[in-house]
Amino acid sequence: MNAEMLKEIYTKARQWVEEAGHYIRTNIDNPLTVDTKSNPNDLVTTMDQDTESFFVSKIKETYPDHSIIGEEGYGDKLTTLEGTVWIIDPIDGTMNFVHQKRNFAISVGVYHNGIGVIGLIYDVMADVLYHAKRNEGAYKNDKKLNPLNKEVVLEEAIVGMNHFWLCPNRLVEEETMQQFVRKVRGTRTYGSAALEFAFLSEGIIDGYLTMSLSPWDIAAGVVIAGEVGGTATNIDGQPLNMLEKNSVLVCNSNLQKDIIKFIKKGRK
Ligand code: 2AM
Ligand code: CA
């Protein structure tokens, strides 16, 4: 994809993200229809569905040859990342959206032949946009984010995590995870994978580790974190697959080695 095309798609994507965010923010106090998906805590609202549908119609109208992967199923069923693919989470952190009316994000990643070229994460209620174009750096609104080049040791690291390490098919022995939590300086659970990627990119947490995320939770974050020198892999250090669920570890590269080594002890 040439620079001109990249800029055009970025400009459109940003415009749609801001438009959708403005709509959600101004309607935040309206009554919500909340439903559940895979389990009683996996929530979805008509706002998630309407927002995804908004993106899908804009993209299909403007770029009929592009493909879409979306959390709420309005996109395409893809088996390849060939061509230009938009990977969209209309509301990442739906539980926060429903219960807190804040701390959720719109996440839009654009991939070209499997390579992430645009990442947009919009913290809707805070009106903060994290954004990046491949090879052009990452930004928080107008401020360019600094590279993650600080040497951080585990004992001084703050790591984003969540209870998914307790999921039924535990990937890592529980005892090892408990030791990990004690080893690091602190843990945080923000409830939106996209925002955790954004905070990692901003340098306010040093890592984010979670056992199961879908492509739409991470697609934009991978681009943004990559632009500040963050490394995003699965918990074994292997590349992420944007067509499936993955375990996810994102952090700076020196910390990545230490975290992988630590959890390897309890890896099943
Ligand atoms: P969601 O709000 O779009 O569902 C919560 O820690 C983060 O994990 C959120 O980004 C949330 O996305 C995601 N998440 C919640 N349940 C999940 C599940 N069963 N599998 C994968 N990701 C999940
Ligand atoms: Ca999500």
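In this predicted model, helix 2 (residues 46–62) lies across three strands, namely strand 3, strand 4 (84–92) and strand 5 (105–112). Relative to strand 4, helix 2 runs at about 155 degrees. Helix 5 (residues 193–202) also packs on the sheet, where it touches strand 4, strand 5, strand 6, strand 7 and strand 8 (138–140). The direction of helix 5 makes about 100 degrees with that of strand 6.

The sheet itself is open and has 7 strands in the order 3-4-5-6-7-8-9, with mixed pairing. Strand 3 (67–70) and strand 9 (143–144) stand at its edges; each has a single partner strand, so one side of each is left without a neighbour in the sheet. Within the sheet, strand 6 (residues 115–123) pairs with strand 7 (residues 128–133) in the antiparallel sense, over 6 bridges. Here, Ile 118 stands opposite Lys 133 in strand 7.

Attention now turns to the metal site. The calcium ion (ligand 2) is coordinated by Glu 71 (OE), Asp 89 (OD), Asp 92 (OD) and Asp 217 (OD), at 2.0 to 3.1 Å. Along the chain, these donors follow the spacing E-x17-D-x2-D-x124-D. Distant parts of the chain are linked by the pair Glu 71, in the loop between strand 3 and strand 4, and Asp 92, in strand 4, which are 21 residues apart. Glu 71 is partly exposed, with a relative accessible area of 22%, whereas Asp 92 is buried, with a relative accessible area of 5%. The 6 donor atoms around the calcium ion (ligand 2) subtend angles of 59 to 158 degrees, and the arrangement is therefore irregular.

Technical notes
Residues numbered from 1 in each chain as written. Chains lettered and ligands numbered in written order. Predicted model: local features only at pLDDT ≥ 70, side-chain atom pairs only at ≥ 80, totals over all residues. Heavy atoms only, no water. Pairing = 2+ DSSP bridges. Helix = DSSP H or I, 4+ residues; strand = E, 2+ residues; numbered from the N terminus. Contact = heavy atoms within 4.5 Å. Axes fitted to C-alpha atoms, helices over the stretch in contact; angles between N-to-C directions. Donors = N, O, S within 2.8 Å, 3.2 Å for Na, K, Ca; no water. Tetrahedral: all angles 85-135°; square planar, octahedral: opposite > 155°, others 65-115°. Buried < 20%, exposed > 50% of the residue type's maximum accessible area, 1.4 Å probe, protein only.
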